[in-house]
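Here's a quick briefing to read alongside the model. Have the viewer open and follow along.

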Amino acid sequence: MSVTAPEATSAPAPSSVTMTKALNQALRDSLADDDTVLVFGEDVGRLGGVFRVTEGLRAEFGSNRVWDSPLAESGIIGTAIGMAMNGMRPVVEMQFDAYAYPAFEQIVSHVAKMRNRTKGRVSLPITIRIPYAGDIGGVEHHSDSSEVYWTSTPGLTVVTPSNPADAYSLLRESIASDDPVVFMEPKSRYWMKEMLSLPVTTAPMNRAQVIREGTDATLLAYGPTVRTALDSAEAGAEHGLSIEVIDLRTLSPFDDETVSASVRKTSRAAIIHEAAQFGGYGAEVAARLTERNFTHLSAPILRVAGFDVPYPSPKLEEFYLPTVERVLDALESWDWEL
Amino acid sequence: MTIDVPTTGRSLPQLQPISFIGADGRLTDTPTEGLRIPSDATLTGLYRQMVLVRRFEAQVTHLTRQGRLATYPSAAGQEAAEVGATTALAPNDWLFPTYRDSAALLTRGVPVAEILAAFRGDWHCGFDPQEYHASPSATPLATQTLHATGFAMAAKLKGEDAATLTFLGDGASSEGDTHEAFNFASVWQTPTVFVLQNNQYAISTPLREQTNATMLADRAAGYGMPGLRVDGNDVAAVFAAVSAALARGRNGDGPTLIECLTYRMESHTNSDDPTKYRDSEEVEHWKQFDPIDRLEKYLRQSEALDDAKVAEVAEAAETLAASVREAMNQEAEIDPRELFAHVYATPRTALAEQQQVVEAELAAAGRA
Ligand SMILES: Cc1ncc(C[n+]2csc(CCOP(=O)(O)OP(=O)(O)O)c2C)c(N)n1
């Protein structure tokens, strides 16, 4: 789908690659290419992280490049700031979405603002990896979608891949970026497989991508809900609807151009996300699409999102998460006769 | 069967603060933990810088009262800690200050207009951190202690001969980041010196409501690092202790916590009324321990200082004060386009669009 064949001739034959493996390879390649790249965080060394994204890296690069930090999220981000000020490119892991909250202050008050505070004299090339969202049967505090905290913070770039190829390419690009990046990894997609030969270069970081063409409506999704959007488009086709699907890939900056072009073509759009609806990312998307494309729209932009409740316990997850049925219900709610 | 207990690195700091020069200007008989009193030449330099700093603080406080600056947290009374600690830094070391530490930035050589940019409302950090090896002053309490630790960690990984020094207050010592920084620095053995200026108050909250610990320097033991309690109004003690701690860090022996016992003579900033939380007797009491008076007495006794020298330093202080007035009388040039200039290294279309709004407004106002 979104994969461009790599230029390199030495790339191995395609094999089945999980998102976890793709991320792991992106870290490995970044560590190998640039001595200033450092990987640290809770359990990322010996264990390779609770999702094994950093597996084998400590053994390969040594404990001066990849190590287990003390258990303290603010400490991890705060020290990453100092390291970045001293010429390093730290890639740090927050073990789970909700466990990034102790580091909130360091992220929003310093990571996001250092460049601005210092008139561009100090930039912080830090990549903050956050496994996020649900659908893995996790207990509480293990399934939050925290993206809006980061997307509404100027100074941060927020990236979220939905497939292994993008995971590799976007992570490489995030680490190379001179801006701090919050790199959100959809936990429920960690084990998704794809036939790939790494390294791979997909579309650039700040571009959304049309991953299924259609003419009747546009579904916007990112990270974990891209699968839901594709399945909904498939189901819609059975009802005679031609649905375009866009994978946003980067939440901040928002790719107005690609998304508006699609919406102008289809005249209808819905955004799907797991996070609660109120004040969620969908609200921003709906507002900006309406502002830019009002006369091209033949129906209100809809949101299919999580309910405005704390992320539920595993047995209630299926009632919370946006499903294909709810997406289809939303599509149906439009007055197609207009 | 017994369990092997490692005993290294376990010692509590002495209760009596380390001090060389007493309030009367004479050498004390307090233990000095093997530290050596700085030479008269060094002390004369520290005296001069403290006098400059005091005049600077007084001038800025005055200008703030006149409305020239939006706000100002003065370190008057804390000159020994500010100057003693900062002077101990080598050029290659880095300073991680807070809002209270303009005196440290002045000592580091940052021009007055650049130090005061933040308080005047011109820009958050008015100086170039790379040029002065000083981080922007942190306002969210204790956050900078982690930056200092991370910076020192990178220095260690790179094999650089650099240490870091960060200031924090007694109030900030209650924040979680302080704990995290002490712990990270000690686990990683980074060349970091934490200078805790215990000035007895966090805005209005007195020390006894901030902590139930006997003394803040004791905390170091729990992290496996040395802690020292220093008479923070004795610049000789501060300089000696911080110099030793920096040397220790550079030597690969890890961080040190230094608690400086001192007192904030002014209000927290111009916007609080200290009479609501402390009485004048207490302020008068602390005046007896004034860091400049005692050093002057000491240096006069040893004849490193005389009337002529004192007058010369006072004159330099007046010159500095004049330069502060002049700098604050000049309106800084502020370009509204800078709102958008330093948010991202990678240009953003949406910001470019928002910039056009401001440019159109400027054009309409004839300011383009
Ligand atoms: C995280 C945070 N909480 C609250 C404040 C507001 N505040 C600014 S200074 C201050 C008191 C700090 O006291 P202390 O650490 O003792 O330093 P001092 O001002 O005495 O130098 C407070 C509460 C802040 N800046 N940051």
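## Helix α10 of chain B

Helix α10 (residues 235-250) of chain B has 16 residues, which should span 22 Å at 1.5 Å a residue, and its end C-alpha atoms are indeed 22 Å apart, so the two agree. The expected span here is 1.5 Å times one less than the number of residues in the helix. Helices (H or I, at least four residues) and strands (E, at least two) are DSSP runs, numbered from the N terminus.

Some ground rules: this is a predicted model, where local features need pLDDT of at least 70 and side-chain atom pairs count only at pLDDT 80 or more, while totals for chains, interfaces and linings use all residues. Residues are numbered from 1 along each chain as its sequence is written, chains are lettered from A and ligands numbered from 1 in the order in which they are written, and side-chain values use heavy atoms, with hydrogens and water left out.

**More on α10(B)**

- B:Asp234 caps the N-terminal end of α10(B), with a side-chain oxygen 3.0 Å from the backbone nitrogen of B:Ala236.
- Buried residues in α10(B) include B:Val235, B:Val238, B:Phe239, B:Val242, B:Leu246 and B:Gly249. Buried means under 20% relative accessible area, exposed over 50%, and partly exposed in between (1.4 Å probe, protein chains only).
- Just after α10(B) comes B:Gly252, with a positive phi of about 90 degrees.

**The ligand site**

- The ligand is surrounded by 16 residues, and the closest are B:Tyr99, B:Arg100, B:Thr139, B:Gly171 and B:Ala172. A residue is near a molecule if one of its heavy atoms lies within 4 Å of it.
- The site is shared between chains, because residues from chains A and B surround the ligand.
- By type, the shell around the ligand divides into seven nonpolar, five polar and four charged residues. In this scheme Ala, Val, Leu, Ile, Met, Phe, Trp, Tyr, Cys and Pro count as nonpolar, Asp, Glu, Lys and Arg as charged, and the others, Gly among them, as polar.
- On the side-chain front, an N or O atom of B:Tyr99 is 2.8 Å from an oxygen atom of the ligand.
- Backbone atoms join in too: a polar one of B:Thr139 is 2.8 Å from a ligand nitrogen, and a polar one of B:Gly171 is 2.7 Å from a ligand oxygen.
- Taken alone, the ligand exposes 580 Å², and the protein buries 74% of that. Accessible areas come from the Shrake-Rupley method with a 1.4 Å probe, and for residues only the protein chains shown count as cover.

**Cysteines**

- A search of the whole structure turns up zero disulfides over all chains; a disulfide is a pair of cysteine sulfur atoms within 2.5 Å.
- B:Cys125 is buried at 2% relative accessible area, and B:Cys260 is buried at 0%.

**Backbone oddities in chain A**

- A cis peptide bond joins A:Leu198 and A:Pro199, with omega about 5 degrees; A:Pro199 sits in the loop between β9 (193-196) and β10 (201-202).
- A:Ser252 and A:Pro253 are also joined by a cis peptide bond, with omega about 5 degrees. You'll find A:Pro253 in the loop between β14 (250-252) and α9 (256-266).
- A:Asp135 isn't a glycine, yet has a positive phi of about 70 degrees. This residue lies in the loop between β6 (127-132) and α6 (147-151), and is partly exposed at 47% relative accessible area.
- A:His141, likewise not a glycine, has a positive phi near 70 degrees. A:His141 lies in the loop between β6 and α6 and counts as partly exposed at 43% relative accessibility.

**Helices α1 and α3 of chain A**

- A:Arg28 lies in helix α1 (residues 19-33) and counts as buried at 15% relative accessibility.
- The side chain of A:Arg28 makes polar contacts with the side chains of A:Asn24 (2.7 Å) and A:Glu60 (2.7 Å). A polar contact is a pair of N or O atoms within 3.5 Å; within protein, one must be able to donate a hydrogen and the other to accept it, and residues adjacent in sequence count only if both atoms are side-chain atoms.
- Helix α3 (residues 73-85) has 13 residues and reaches 18 Å from its first C-alpha to its last, close to the 18 Å expected.
- With 13 of its 13 residues buried, α3(A) is largely enclosed by the rest of the structure.
- A:Gly87 follows α3(A), with a positive phi near 90 degrees.
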